[in-house]
Amino acid sequence: MSYDSCIILSSIAMNNSIFYLNSLLIYKLARSFGLSDVKSYQAALLYTLNPASIFMSVGYTESLFSFFVILGLLIRESDSQWYFLCICLAAGVRSNGTTLVFFIVYDHMLCMVKSGGLLVVNLVCMAVQVGVSVAPFFCFQNHLSELYCSGEYNGSSWCDKDFRISYGYIQSKYWGVGLFKYWQLKQLPNFLLAAPLFLVVGVVMVTWCRSAISSSNKAVFSRNILLDLSSIINFQLAGYIHLVLLTLLGLVAMHVQVVTRFLVANCPFSFCVLCSAE
């Protein structure tokens, strides 16, 4: 067997192993959300059978990225702030991981609102955690800048920019990515391809809205309204907001056919929500 064949088979074996481990972590995540053993198993099964699973099973970065995302959410559910290290690792694997800093910002803002104090401490902690989380992304951008904007390679208009982010430049110039640029009649089949996942997001949000309305109705008749409303404005709400924001981003400013794996990898908790519905 050639060296190249060994590398290919090793990558496939490694990614399938991580994919299996991810399904176990989804089960644990669902249990941490309060789901029963059966529903947690269903969430793990849904994750395993999702349409983007092919990207988790081949020599690609999706499985490892998803592993760090799910592990980070699990650590976050245990009320530990160290989950930002998982975000850092996820951002080191794929640039999509930078979107996960939303959880850091949300958690610190929520903490400041609830505690009403320690404003400076929370802001400093938030800045440090966000900085560490996005450091791999900017280190890679700096590496690309040094590689392609010096010597014989210095011929791209990208190199003339003071703030160089390669993804926006490449996707806009070579892939035609931009706000509403993909909204063309000829792309209708690709929108239909992504439609099932948009439907799933709709179901997830309807499920949450029903739960939120139920909780708010109980709060109206409660002596401590703010305390009961905290069940709505909690740590898990960040996951729903993150899901909606990424869905809108995929709908208006991405090649819509990649939305499935984009959301599955970035928002794995949605499988837990789907299985929580009665």
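What volume does the second largest pocket have? Hold on to that one; we'll solve it in Exercise 3.

This is a predicted model, where local features need pLDDT of at least 70, side-chain atom pairs count only at pLDDT 80 or more, and totals for chains, interfaces and linings use all residues. Residues are numbered from 1 along each chain as its sequence is written, and side-chain values use heavy atoms, with hydrogens and water left out.

**Exercise 1. Get to know the whole chain**

Task: find how many helices and strands the chain has, and what percentage of its residues is buried.

Solution:
- Step 1. Start with the elements: helices (H or I, at least four residues) and strands (E, at least two) are DSSP runs, numbered from the N terminus. The chain has 13 helices and zero strands.
- Step 2. Now the inside: buried means under 20% relative accessible area, exposed means over 50%, and partly exposed is in between (1.4 Å probe, protein chains only). Of the 278 residues in the chain, 40% are buried.
- Step 3. Then the outside: areas come from the Shrake-Rupley method with a 1.4 Å probe, and for residues only the protein chains shown count as cover. The chain exposes about 15400 Å², with 68% of it supplied by carbon and sulfur atoms.
- Step 4. Finally, contacts (heavy atoms within 4.5 Å). Take those with a separation of 6 or more: 69% of them are between residues 24 or more positions apart.

**Exercise 2. Follow Glu62 to helix α12**

Task: work out whether Glu62 is buried or exposed, and which side chain its own side chain meets in a polar contact.

Solution:
- Step 1. Find Glu62 in helix α4, which covers residues 62–77.
- Step 2. Check the cover: Glu62 counts as buried because its relative accessibility is 1%.
- Step 3. Look for a polar contact: a pair of N or O atoms within 3.5 Å, where within protein one must be able to donate a hydrogen and the other to accept it, and residues adjacent in sequence count only if both atoms are side-chain atoms. The partner is the side chain of Arg261, at 3.0 Å.
- Step 4. List the other company: leaving out residues up to four places away in sequence, Glu62 touches Phe55, Met56, Arg94 and Ala265 as well as Arg261.
- Step 5. Zoom in on the partner's helix. Arg261 and Ala265 are among the buried residues of α12, and in this helix (residues 259–266) eight of eight residues are buried.

**Exercise 3. Explore two pockets**

Task: give the volumes of the largest and second largest pockets, and name the helix that gives the most to each lining.

Solution:
- Step 1. Know the rules: on a 1 Å grid over the protein atoms alone, a pocket is an open set of points where a 1.4 Å probe fits, with protein on both sides within 12 Å along at least five of seven lines; lining residues have an atom within 4 Å of a point. Grid points are joined across faces, edges and corners, and a volume is the space filled by probe spheres set on the points.
- Step 2. The largest pocket comes out at about 1100 Å³. It has 35 lining residues, and the closest to its centre are Ser95, Asn96, Tyr167, Gln171 and Trp175.
- Step 3. Helix α8 supplies the largest share of that lining, eight residues.
- Step 4. Sort by class: Ala, Val, Leu, Ile, Met, Phe, Trp, Tyr, Cys and Pro count as nonpolar, Asp, Glu, Lys and Arg as charged, and the others, Gly among them, as polar. The largest pocket's lining has 20 nonpolar, 12 polar and three charged residues.
- Step 5. Back to our opening question: the second largest pocket has a volume of about 390 Å³. Pro51, Ala52, Leu197, Thr260 and Val264 are the closest to its centre, out of 22 lining residues.
- Step 6. Here α9 gives the most, with five residues. The classes are 17 nonpolar, four polar and one charged.

**Exercise 4. Visit the loop between α8 and α9**

Task: find which sign the phi of Phe180 has, and how many residues apart in sequence Val177 and His255 are.

Solution:
- Step 1. Recall the background: most residues other than glycine have a negative phi.
- Step 2. Phe180 is not a glycine, yet its phi is positive, about 60 degrees. This residue lies in the loop between α8 and α9, and it is partly exposed, with a relative accessible area of 42%.
- Step 3. Val177 sits in the loop between α8 and α9. Val177 is buried, at 14% relative accessible area.
- Step 4. Val177 and His255 are 78 residues apart in sequence, but 6.8 Å apart in space, C-alpha to C-alpha. His255 is also one of the contacts of Val177 beyond four places in sequence, together with Gln171, Ser172, Ala253 and Met254.
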